[in-house]
Amino acid sequence: MAEAGAGTGAGGAGAAGRAPPPADPDMKGWLFKWTNYLKGYQRRWFVLSNGVLSYYRNQAEMAHTCRGTITLGGALIHTVDSCTFVISNGGTQTFHIKASNEVERQSWVTALELAKAKAIRAAESEEEEEAAANASGNTLSPEEAGAALTRELATRLDNLHTCAELIAKHGVGLQRTLADLDYPDEQVTEKATLFRIACNVMMNACAEYLQVAGAQGSRWSRLLQHEREQKQRLQEVVEQLARQHDTLEKSVNARPQSGSSRESEEEDDQEFHDAQDGGSTMAINSGEENSFIIKIPIKGNRRNSSSYNESSEDSETETVTETQQVLFVADQAGRGTLDAGQNTNENNEDSEKELIDGIIQTKLRKSHKNQSNGPIVRPHVTEVVPIGTMRQRRMRIPDKPNYPLNLWSIMKNCIGKELSKIPIPVNFSEPLSMLQRLTEEFEYSNILDIAARCTDPCEQLAYVAAFTVSSYATTSNRTGKPFNPLLGETFECDRMEDLGWRAISEQVSHHPPMVAQYCEGAAGWRCWQEFTMTSKFRGKYLQIIPLGSAYVEFDSTGNRYKWRKVTTTVHNIIVGKLWVDEHGDMEITGEGAASGIRCHLKYLPYSYFSKDTQRKVTGLVENPNGKPKWVIQGHWDTRIEIAPVTNTNLDSTVCKTGKFTTAWQRIMPPEDSDKYYNFTLLASQLNEMEDDVAPTDTRNRPDQRLMEVGKWNEANEEKLRLEEKQRAKRRRREAEAEEAAARREAPPPNSQPVWFTRQTAPAGATDTTAHVYNGDYWLCKERQDWSRCPDIY
C-alpha cells in the first residue's frame, strides 16, 4: 500500500519524481513519518533546502527518486507533543512527523520556521524585483532570452564534459590497476567498463538536449512575440473602451436638467412604501439630514403602553382618532431617536411613542424572519415589543459613489498572481470584510431552527442541505470583493434577540489566509467552520476554490454534519458585465449519532447549450444502507424544495417521491439595492457601529468605514497604511526568528489566535488542523476586558 493519508498531496513530487535537493541542504536527517493505518510511522530520510522539505526512503534515493515534498512558504507548522509535529499546506498536503527526542524535534521545528520566514521574504523580494523590472522596462526581448538560455545550457554542458573526462580518466586508471593484479575480479572489471559506458551515454544525452533546445529557440521567440502582440491588442481595446466610457460619462453629466425636475426625481427615489399590516400604513421618506418621517394612521380602540405586559389584561384603554406623526432622526452611525409629533392629548404622548416603536419592531422582525410565499416560517413572538428591549437598526447604507477608474492599469500586473497578494483598491470592493461575508451565510438560519426540531436524521440532513445552498443566494448579484481581514481581526454579530443566533469570527492565519468562525443558535444548534481558499486570476475570469470544512451540530439529537463549499467563478473580469457562477459537487456527511447518512448535491455549471434553467441544484439524501430517502431540487439563487422518497426500484435509479415542500426561498433585496452594492437588509446592518465590541472588530477598521461613507481616496490611503503596518510586524517576527536561530534558541511564538485554539487531529484524519472556539469572547465582552486583543489598526 502506497503512503497516503498524511503523505504527499498535490504539491508532492510523487514516487517517480526526480527532484534531488542541492548538495548543501539547510538540514537533513532521519525522522519518522506517518504513512497509513497499516504501517503507522516509518523511518524516512528528510532534507530541508531552499524552503522545501523533501523526504526519501533512504539516502541512496536522493540521486533519482523523491518520495514527496512540501513548500514551506505557505505552510502551517504545529507542535503536537514533545516529539511529534505537523506540517500542513492549506489542508491539501500534510506531513505527520515524529522525532527521536524533544531536542531533535525542537531543532527541526526551529529550522523549519526559519526556512519558512526566508521563503516568504524571498517570494516578496521576487515580486518587488518583478514590479521594478516592469516599471523600468528593462526586459529582454524574446530573441535575447532564447540566446541567453542556449548560452547557459552550453556552459552547463561544458561543465559536464569536464566531469566526464575526469570520470573517464579515473575509470581507465581503475582498469589498469585491476589488470595488474594477478587474479583480477572479472565482475569488478565489467562494472568499471559499464560505468564508463554510462558516462558516454550521459554525455550523448546532454548533447542531444542542447541541440533540441537550440532548435526550439526560434520557435519560442515566435510564440513570445505572438503573445506580446496579443497583449498589445488587448490593451488597445481596453483603453479604447475606457475612452468611450469617459466620453459618454461627460456627455451625460453635461446634459442640462431643470432644478425642479431633479428635486422631483430625488423625492421619488427617496420614498418607499411598505405593505399594509393590520390596517396601518407606513411611509418612509428620507430627508437631506438623514432623517425618516413615518406616518401611521391608527383608528379604533387599542391598549396603552401597559398592555405590553402579558399580566396587564385589565389595563386602561383609550380611543385614538387622529393620525400620529413620528420623526425618526438617525445619526451617522445608524442609531436613532424617535420624536413624537403633536398630539391632541399631550398626556398620552409617551404611550403613543411606545406603540409606534413596537409596531416598527414587529414589522422589522416579520419582514426578516418570514419566508415569502412559502409554508416555512420561523416561530417568533408576535406581540408588540417595547423600544427598550430591542435595538434600533438601520435599513440601508449610503449610496455607492460613481468614481471613474482606469481598469487596465490595475489588471495588467495581476495576471497569474494569487488573489490575496494583489493590492486591489477599494474600487473593486464592497464595504464588508470576509469575516462579515461569512457571517452573512446565517441570514436564513431559520432553516437550522426547523432542522433542530426534526427527529428523522435524513429529513434533518435535507434541511441542512437547503441551508448550505442558501449561503450562495446573494452571490448572484454581489460581484464586489470583500476586504481581506488583517491578522487578528475579529467580527461579532449578536442577533440573539431578534434573529436567534450570535457568531464570532477571527482571522487566525495570514499565510495562508484563514478564518475561524463559531455560531450558536437559540433553537439548539451550533455551527463552526474554518475557511481558507486558493484563487487565481486568469484574465477573463477569477476562480475561487474554498478549502476547509464547515460543521453543524444539533444539541437535542447529537447529530453532526460536515461539508465543503463548491467552486465560485467570476466571469468578464476585464470586458463585459461581471457575473458569478457556482459549480461543482458538495458532499454532506453525517457524523456522531448521524454517522452513515450522506447527501450529495450537484451544482450544475452555466452552459449556453443547456435546456435546463441555469443555476440549478439537484441532490439526494441516502441512509446508511445507501437507500435514497429525500430528494432535493431547486436553484441556488431563488429557492430549494425537498420531498421524501416513497418508493424506489431495485437498483435505486428511479425514485417515487411525495409532495415537494419549500425548504428555503430567497427574500429579494430592496428594489433600489443596486445603489448600495446590492446589499440585503442583514448585509446593510453588519457594518453598523455598535458599542462595547472588541477593538479588533471589523466595524473599527478605518479604511472600510471610509469606503462605506463614500471617501474612496482616503480609504485607499488608509488601506495601504494598514497593509504596510501588517508587513512591518511580519518582518519583525522574521528578524526575531533569525536572531533566535543564530543563538540556537527556540523562535518566538507566532501570533496566536485570541478567541480560537489550534488543535491537531489524530494522524490520518482528513482535517489535520482545526481552530476550536475557546468560549472566552462573550465573557470578556461582558467584563469589557480586551487586554488580549492585539493592536492591528
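Here a colleague and a modeller talk through a predicted model.

Colleague: Happy to look at this with you! What should I know about numbering and confidence, and which atoms do side-chain values use?

Modeller: Residues count from 1 along each chain as its sequence is written, and because the model is predicted, local features need pLDDT of at least 70 and side-chain atom pairs pLDDT 80 or more, while totals for chains, interfaces and linings use all residues. Hydrogens and water are left out, and side-chain values use heavy atoms.

Colleague: Thanks! How many helices and strands does the protein have?

Modeller: Both are DSSP runs numbered from the N terminus, with at least four residues of H or I for a helix and at least two of E for a strand. On that basis the protein has 13 helices and 33 strands.

Colleague: And what percentage of the residues count as buried?

Modeller: Buried is under 20% relative accessible area, exposed is over 50%, and partly exposed lies in between, using a 1.4 Å probe and protein chains only. Of the 793 residues, the buried share is 43%.

Colleague: Which helix gives the most to the largest nonpolar core?

Modeller: A nonpolar core is a set of buried Ala, Val, Leu, Ile, Met, Phe, Trp, Tyr and Cys residues joined through side-chain atoms within 4.5 Å. The largest has 68 residues, and W501, F554 and Y561 are among those with the most contacts inside it. With 9 residues, the top contributor is helix α9 (residues 457–470).

Colleague: How many residues does the other core have?

Modeller: That core lies apart from the largest one, and F46, I77, F95 and W108 are among its members. Its residue count is 19.

Colleague: Now the open sheet of 7 strands: which are its edge strands?

Modeller: Two strands pair if DSSP finds at least two bridges between them. The order is β4-β3-β2-β1-β7-β6-β5, with antiparallel pairing. The strands that pair on one side only are β4 (68–71) and β5 (76–79).

Colleague: Which residue in β4 does S54 stand opposite?

Modeller: Strand β3 (residues 52–56) pairs with β4 in the antiparallel sense over 4 bridges. Opposite S54 in β4 stands T69.

Colleague: Is T84 buried or exposed?

Modeller: T84 lies in strand β6 (residues 84–88). Contact means heavy atoms within 4.5 Å, and, leaving aside neighbours within four places in sequence, T84 is in contact with Y41, T79, I97, K98 and R105. Because its relative accessible area is 5%, T84 is buried.

Colleague: Let's turn to β22. Which residues are buried on each side of it?

Modeller: Strand β22 (residues 550–554) has 5 of its 5 residues buried. One side holds A550, V552 and F554, and the other holds Y551 and E553.

Colleague: Which residue takes a positive phi in the hairpin of β22 and β23?

Modeller: Strand β22 is joined by 4 bridges to strand β23 (residues 559–563), and the two run antiparallel. Within that pair, Y551 has K562 as its bridge partner. The hairpin has 4 residues between the strands, and the one with a positive phi near 80 degrees is G558.

Colleague: Last one: why is the sulfur of C519 too far for a bond, and which cysteine has the closest sulfur?

Modeller: A disulfide is a pair of cysteine sulfur atoms within 2.5 Å, and by this rule the count comes to 0. C519 is buried, with a relative accessible area of 0%. Its sulfur is too far for a bond because it lies 6.6 Å from the closest cysteine sulfur, which is in C527.
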